[in-house]
Amino acid sequence: MTRLTIRARLILLTTAGLLVLVVTNVYLTRELADDTAGIIRTAKLLKSIEEANNAQIAFGEMRYWMTDLAVSQLTLAERNAAAARARMEQHLDQLAPWNQERIDAVRSELSQYEELAGKAVDEYTDDRRIIGNSLLAQARQHSLVADQLLASIVKELTDDAIAARRRVVAEAATATQISEIIIAAAILIGALLTFLVLRSIVLPLRRLTVAMDGLRAGDVAVTIPEAGPDEIGAMARTLAMFRDTLKELRETLAQFEALRAVGRAVGSTLELEAVLSIVVARAVEFSRAQVGMIYDYDEATREFRFRTSQGAEPELIGHLKAEPIRFGEGPISAAALSGSPTQVGDLLGEQDVALPKLDALAQSGYRSLIAAPLLHEDEIFGGLVVARREAGEFSKEIVGLIEAFATQSALAVRNAKQFEDQRQREHDLRIAHEELKAAQASLVHAEKMASLGQLTAGIAHEIRNPLNFVNNFAELSHELLEELREAIGGEADGIKGGADADIDELITILGGNMSKIAEHGRRADSIVTSMLLHSRGGTGERRRTDLNALVDEALNLAFHGARAQDRSFNVTLERDFDPSLTPLEIVPQDITRVLLNLFGNGFYAVKKRRDEQSDSAYQPILRVTTLDLEGQVEIRVRDNGIGMPPEIRAKLFTPFFTTKPTGEGTGLGLSISYDIVVQEHGGTITVDSQPREFTEFTLRLPRASQRAAAAPSVRVSA
Amino acid sequence: MRLAILIACLALSSSVGAVATTGDNDLAIAQSLAEMLRDARTVISEKQDLINDPNLGDKHLTGEAVLNQAVELYTKATGVDPRKTDVSTRQARLLRAMMAAIVEVVDDNQATINEKGTGFKGFIPAAFARLVDEAFERLAKGEADVKVTAPSELVRNRKARPDTWEADIIKTKLLDPAWPTGQPYSAIAEADGRPAFRFMVPEYYGESCLTCHGTPKGEMDITGYPKEGGKLNDLGAVISITLYH
């Protein structure tokens, strides 16, 4: 059906319909003619019956009027009888063709009746009634015979008519049945043909509509129905051309967009991997290939090395990575040497260039490829290869596109290399700058510490001498006072009587003063000693120490010291010592010193917060935690005191920096602690704090003894 | 009643002017017979209401009564009393036969005339005239015949059918538009194979005649007979008198 044009199909359908119509009509016409003939026959018979009946009626009328005439003598009766006679003759004339002989017989009887009846009337007219009666009786005999003849004719005609009518009815019924069958068959065939014709039109049209909708929706991959020889086929061909044109346009646009995207990527990012991934992905996409690779060219080794790929199987990637292409081999080298893309239409047929790479490609099922050089200003940066599983040459457009992609790739590689060089230089510079800054800081710190140490040593030395005098003379004075008390005690009886009590009291006061002088002298000596220690560095001996015990002892010492200074002071001490902590090598007195500093500062912070905060709900807490960190031991000292802002934290370990009022702190505690932990023990000390929340110092001491490097290891958390 | 008027209208328009083709005696006899017949017919016509009165039994319309009134009319018309004519003459003899026929017919139909409870009795002037003609034919004993005939298409009773000669005269003479209205025709001609004096008196439709013989043609009149479609002054009847020689 679809091999015919729609016009031919419609003509065929119409012709078939007309043919059925003509055949049906011919048949029906013939049947109708037969029926008509039968009906005509029947009608003729009915007409004959009617004529016979009318003849009978006319004969009856005639007899009536003849009788009436005999009685009334009226010419009207005579005329009526004549008229009836004439009508009867007419009816008999009509009947004559049916059976002339029978009609002649009727006519004979009729004539005889008429003659005799007429004579009878004449006799009655002439008042000869007896003769008239006799003649009329004779006439009556002929009348009866004529009546019987007419009745038999009517009956015979009626029988014939009934038979004819039955034949007509039967024929009509048969014709009706046959015509119904023909019509049903015609309707069925017509419906079937119509269905087939419509189907042959509607289905392709629907497919075309779907295709057009798909194209309208932008789907160029839509299937165009197969183009037959009919009008719809012509539409399908046109639509296919339109789709191809649209496809080409879209491909061109997509290529343009791809090139633009690649160009934009090249221009917007210096991430070479990203750019090359985009390039190779687009190259594979637009060349309708299945795999694409980009090779770097190493000028030093004169080799092309696999860089990245799109669509390549891991096994193939492994092959390609493992086997760089030496310059001068393979399509890439050919392309690089010629400066333009080289393609291999059938890898299986290119034995002369059958390198391992190509073997790997061929073994992976690829049959053809294009290789384009990544060239920029005669410098080779690598190569772009796309391969597909189908053998055959790539189109010029694809070759041109691959070349464009390769050019973009070359630009990207060049840009990336330049950028990498630049970034490496910047990185090197930044590292150098950082190291220089650190060195400077270290140098300054060292210089500061050195000068401070020298200054401190000098001052301490200068102070220590007079201080020794003070201390020594204070002790000596105290001893002298003891001797004086003993001396006075020997002669107590002589003195007791007067001002002995006052003398004793003065001695006692003087002794107290001496003690004070000695105490503060020792304290000053301690400070000086600390300064000397700070300037000299640690000198204590390391020994294995139970750090938990050391911490606990220092905590108790600090707490009682604080309580000694301020009886109202109270704080909740929380100990969380790691029981698995094994002894480690440290300088215990120095670490104790560090801990005392940290605890003292914590007590100071909570005390200050308690003093500043009227809220009685405040509970000063100092929590000390130890933890074995495998290779390191961590000590955390956390208080919930006043905390400190970041600017203070930054200066925390600076010598002589203190937030305490004058006389309450030397500003050397944390500085010394820093030196002890970092420089002496190679550990770290960090601080974390939130104003009016907490302060937490974290010490980490390495188990292995190591002296700290010159660089500071201070980390101040926010 | 209307039939009486009808018959009365068939008056002889003129009793003179007959074509004198025979002797004056025959003409006179024929004229007197025609006059007597018409007078008696006029009486019957005038008595139709009486005759057709269903409530009245004996109407005292006897043959003698009718004849007396006819004679009176005859006398008035001719100036001659028929009863006093010379009986020896042929005219008187035939006239008396006519009068006897009139009496006979009326008397023979007394039962009909006097029948109570029946309206129209069919004893109309035409029937009366025909019966009188038949009675006259018998009484005249072959000497003369009187018949009221008409053009063939207007004859209602076949006994009044014109014979060939009459039909010819009616057609060629009396129906001729040039024929003087009312003028009788007389001639010596054969009748039933015998030489005779034949006298034809035309009678024309008057207004009253058309009640039964006028239009519309074919419409039934009171007697049940279709009207002939006649018009005023059309030839409606012919009194044919044959005097055998």
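How many bridges pair strand 1 of chain A with strand 2 (residues 303-310) of chain A, and in which sense do they run? Let's find out together, keeping in mind that this is a predicted model.

**Stop 1: a pair of strands in chain A**

Select residues 291-298 of chain A, which make up strand 1. Now add strand 2: the two strands pair in the antiparallel sense over seven bridges. To see one of these partnerships, pick A:Tyr295, whose bridge partner in strand 2 is A:Phe306. Strands of a sheet pair through backbone hydrogen bonds, either parallel or antiparallel.

Next, look at the hairpin formed by these two strands, which has four residues between them. Click on A:Arg302 there: this residue takes a positive phi near 55 degrees.

**Stop 2: the other side of strand 1**

Select residues 379-388 of chain A, which form strand 6. Strand 6 pairs with strand 1 in the antiparallel sense, over six bridges. Here A:Asp296 has A:Gly382 as its bridge partner. Is strand 1 mostly buried or exposed? Seven of its eight residues are buried, so strand 1 is largely enclosed by the rest of the structure.

**Stop 3: the whole sheet**

Now show six strands of chain A together: they form an open sheet in the order 3-2-1-6-5-4, with antiparallel pairing. Strand 3 (325-326) and strand 4 (342-344) stand at the edges, each with a single partner strand, so one side of each has no neighbour in the sheet.

Add strand 5, residues 368-376 of chain A, and you will find nine bridges joining this strand to strand 6, antiparallel again. One place to look is A:His376, which stands opposite A:Glu379 of strand 6. Then select helix 6 (residues 272-286) of chain A, which packs on the sheet and touches strand 1, strand 2 and strand 6. The direction of helix 6 makes about 70 degrees with that of strand 2.

**Stop 4: two helix visits in chain A**

Select A:Arg9, a residue of helix 1 (residues 6-72) of chain A. A:Arg9 has 21 other C-beta atoms within 10 Å, so this residue is buried. Try drawing a distance from its C-alpha atom to that of A:Leu198: the separation is 9.5 Å, although the two residues are 189 residues apart along the chain.

Then jump to helix 8 (residues 330-338) of chain A, where the buried residues include A:Pro331, A:Ile332 and A:Ala335. Just after this helix comes A:Gly339, with a positive phi of about 80 degrees.

**Stop 5: crossing helices in chain B**

Move to chain B and select helix 5 (residues 90-108) and helix 7 (residues 125-140), whose axes come within 8 Å and cross at roughly 130 degrees. That angle makes helix 5 of chain B oblique to helix 7 of chain B, and their crossing is right-handed. Show the side chains at the contact: among them are B:Leu94, B:Ala101 and B:Glu104 of helix 5, and B:Phe128, B:Val132 and B:Leu139 of helix 7. The residues of this contact divide into 14 nonpolar, no polar and one charged.

**Stop 6: a loop residue in chain B**

Finish at B:Val80, in the loop between helix 4 (63-78) and helix 5 of chain B. B:Val80 counts as partly exposed because 14 C-beta neighbours lie inside 10 Å. Leaving out residues up to four places away in sequence, B:Val80 touches B:Thr75 and B:Thr85. Finally, select B:Ser32: B:Val80 and B:Ser32 are 48 residues apart in sequence, with 9.8 Å from C-alpha to C-alpha.

Methods:
Residues numbered from 1 in each chain as written. Chains lettered and ligands numbered in written order. Buried ≥ 20, exposed ≤ 12 C-beta atoms within 10 Å, placed from the backbone. Pairing = 2+ DSSP bridges. Contact = placed C-beta atoms within 7 Å. Axes fitted to C-alpha atoms, helices over the stretch in contact; angles between N-to-C directions. Parallel < 35°, antiparallel > 145°, perpendicular 65-115°, else oblique. Left-handed = near helix turned anticlockwise from the far one by under 90°. Nonpolar A, V, L, I, M, F, W, Y, C, P; charged D, E, K, R; others polar.
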